[in-house]
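Here's a friendly walk through one protein structure, written for someone meeting it for the first time. Have a look at the picture, then read on.

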Amino acid sequence: CNKEQAKYTCPRCNLGYCGLSCYRHKEHSDCSEAFYKECCMEALEDQDVSSEEKQKMLEMLDRLEKEEVQNSDSNSDEGEELSERLSGLNLDTDSEKIWNRLTSKEQAQFNQMMKDGRLGNLVEVWTPWWDVKKVKIRDVDSEKLDDKTPDVLSKIPDISKLLTKSKPSADIRNNLVNVLFAYVFVCRLYNGTHWDCPRESALKLVKGSDVLSKNSVCSSTSEAIQLGLTNSECKQSQEFLIELVSDVTKILRGPGRGEELKFVMAALSEILQLLKKCHTLYKKDIKVSSASSTDDREEKQLLFLAIKKLEFYLGWSQKCGMILHSVIPELRLEHGRLKEEFQETIQVKKSIERNLSQLRPPREDSKLIEELS
């Protein structure tokens, strides 16, 4: 049922189930109905069972077989009907058309699966490229290694030419933490499919970073993280957001072995490419449509400014990126502090719920039972 924790295991298929209703679930009918049939057959072979009871067992078996045939026929009809309704549609891009062709019953089932979490169990969770464990080259053929790290851009601005009369600010490393926080948020939020919707994901990334969207300057690593946690675009569970701090730490740490900046440069390169892709889409829309909205033009300008910042951050990271390693201990401390606070909040919540249940007045029917006893 995907609702409760499994307490038992089916001896036939080894799947876990929480109780009798779960065991009898339609998705487990192959095992449960076979079990009931075996019980019936064993009862029929039992010499101590009366002829009347045997007749009831036979009627039950006959009814089960008829129900199986009816269910299989109805399921096949529904499947064929659904496939006909969805024929000619692209399952990746025609989501709105697909939804409109579903029956009201199918839409209700889909919504229910979203509410109770069953839909999430059908989606394979994406493994971030920065979270892949390093494989020893001597143990694996180098040609078979699947490195999913984004490519680092070949043309990166020279920071010394961009800053001819001044030195880079010491707050740049903190600003980069805020940008990377928004990046890992978008990657996790879209389950690694952010390139399938570049416009939405790029805007979410820019607006999710106060450094990119509001020109904020972070004076500390803690401030950079707090801005990410409280950003209105980054609305997710507290537990989800806290783990993003660990993701940022892994990117800053890099794969090691002389490649300490590889992950940082790869992440910034992908962000820049994503923003440029989105900016190009806006330019095409505005060029084609003379009646483009003010919001489109403002978002296009926001993307342009963010692109310039990313180009600067790439140039800075190439020349001064090793300074980023100094914030890793601060990030680890911040991650540990946030986790500890979150666990304390959970414990306080449980304690309050227990106290409320004890303070809650007894129901009237329980009083009646006490009087009768």
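What follows goes from the overall picture to the core, and then to a few charged pairs and cysteines.

## The big picture

First things first: this is a predicted model. The protein has 373 residues, and 33% of them count as buried. Its secondary structure consists of 16 helices and 2 strands.

How does the chain come together? Take the contacts with a separation of 6 or more: 67% of them are between residues 24 or more positions apart. As for the outside, the accessible surface comes to about 24,700 Å², and carbon and sulfur atoms account for 50% of that.

## Inside the core

Let's head inside. In soluble globular proteins, nonpolar side chains tend to be buried together. Here, the largest nonpolar core has 64 residues. Which of them touch the most other members? Those are Tyr183, Ile251, Leu252, Leu268 and Leu275. Several helices feed this core with at least two residues each: α8 (172–189), α9 (198–208), α10 (210–213), α11 (221–230), α12 (238–253), α13, α14 (294–320) and α15 (328–359).

Leu275 makes a good example from that list. Setting aside neighbours within four places in sequence, Leu275 is in contact with Ala202, Val206, Leu303, Ala306, Ile307 and Leu310. There's also a second, separate core, this one of 5 residues, including Cys10, Tyr17, Cys18 and Cys22.

## A stop at Phe263

Phe263 sits in helix α13, which covers residues 262–288. Is Phe263 buried or exposed? With a relative accessible area of 7%, Phe263 is buried, because anything under 20% counts that way.

So who's around it? Leaving out residues up to four places away in sequence, Phe263 touches Trp129, Trp130, Thr149, Lys250, Ile251, Gly254 and Pro255. One of these, Ile251, also turned up among the core residues that touch the most other members. Then there's Pro150: it lies 113 residues from Phe263 along the chain, yet their C-alpha atoms are separated by 8.4 Å.

## Charged pairs

Now for the charges. Side chains of opposite charge can pair when their charged atoms come close. How many salt bridges does a search of the whole structure find? The count is 10.

One of them joins the side chains of Lys204 and Glu233, at 3.2 Å from N to O. This pair links distant parts of the chain: Lys204 is in helix α9 and Glu233 is in the loop between α11 and α12, 29 residues apart. Lys204 is partly exposed, at 22% relative accessible area, and Glu233 is partly exposed too, at 24%. Asp210 and Lys214 form another salt bridge, at 4.0 Å from N to O. Asp210 is buried, with a relative accessible area of 8%, whereas Lys214 is exposed at 57%.

## Around Arg337

Helix α15 holds a pair of its own. Arg337 forms a salt bridge with Glu341, and their closest N and O atoms are 2.7 Å apart. Why is about one helical turn between them? Because Arg337 and Glu341 are 4 residues apart in helix α15. Arg337 is partly exposed at 32% relative accessibility, and Glu341 is partly exposed at 38%. Elsewhere, salt bridges that share partners join Lys276, Lys308 and Glu311 into one network.

Arg337 has a further link, to Glu334: a polar contact of 2.5 Å joins their side chains. Glu334 is also found in helix α15, and Glu334 is buried, with a relative accessible area of 8%. Not counting residues up to four places away in sequence, Glu334 touches Ser222, Ile225 and Gln226.

## And the cysteines?

How many disulfides are there in the whole structure? A search finds 0. Some cysteines are still worth finding in the picture. Cys187 is buried, with a relative accessible area of 1%, and Cys234 counts as buried at 2%. Cys10, Cys18 and Cys22 are the ones named earlier in the second, separate core.

Definitions and conventions
Residues numbered from 1 in each chain as written. Predicted model: local features only at pLDDT ≥ 70, side-chain atom pairs only at ≥ 80, totals over all residues. Heavy atoms only, no water. Buried < 20%, exposed > 50% of the residue type's maximum accessible area, 1.4 Å probe, protein only. Contact = heavy atoms within 4.5 Å. Areas by Shrake-Rupley, 256 points an atom, 1.4 Å probe, with all protein chains shown as cover. Core = buried A, V, L, I, M, F, W, Y, C linked by side-chain atoms within 4.5 Å. Polar contact = N/O pair within 3.5 Å; in protein donor to acceptor, adjacent residues only side chain to side chain. Disulfide = S-S within 2.5 Å.
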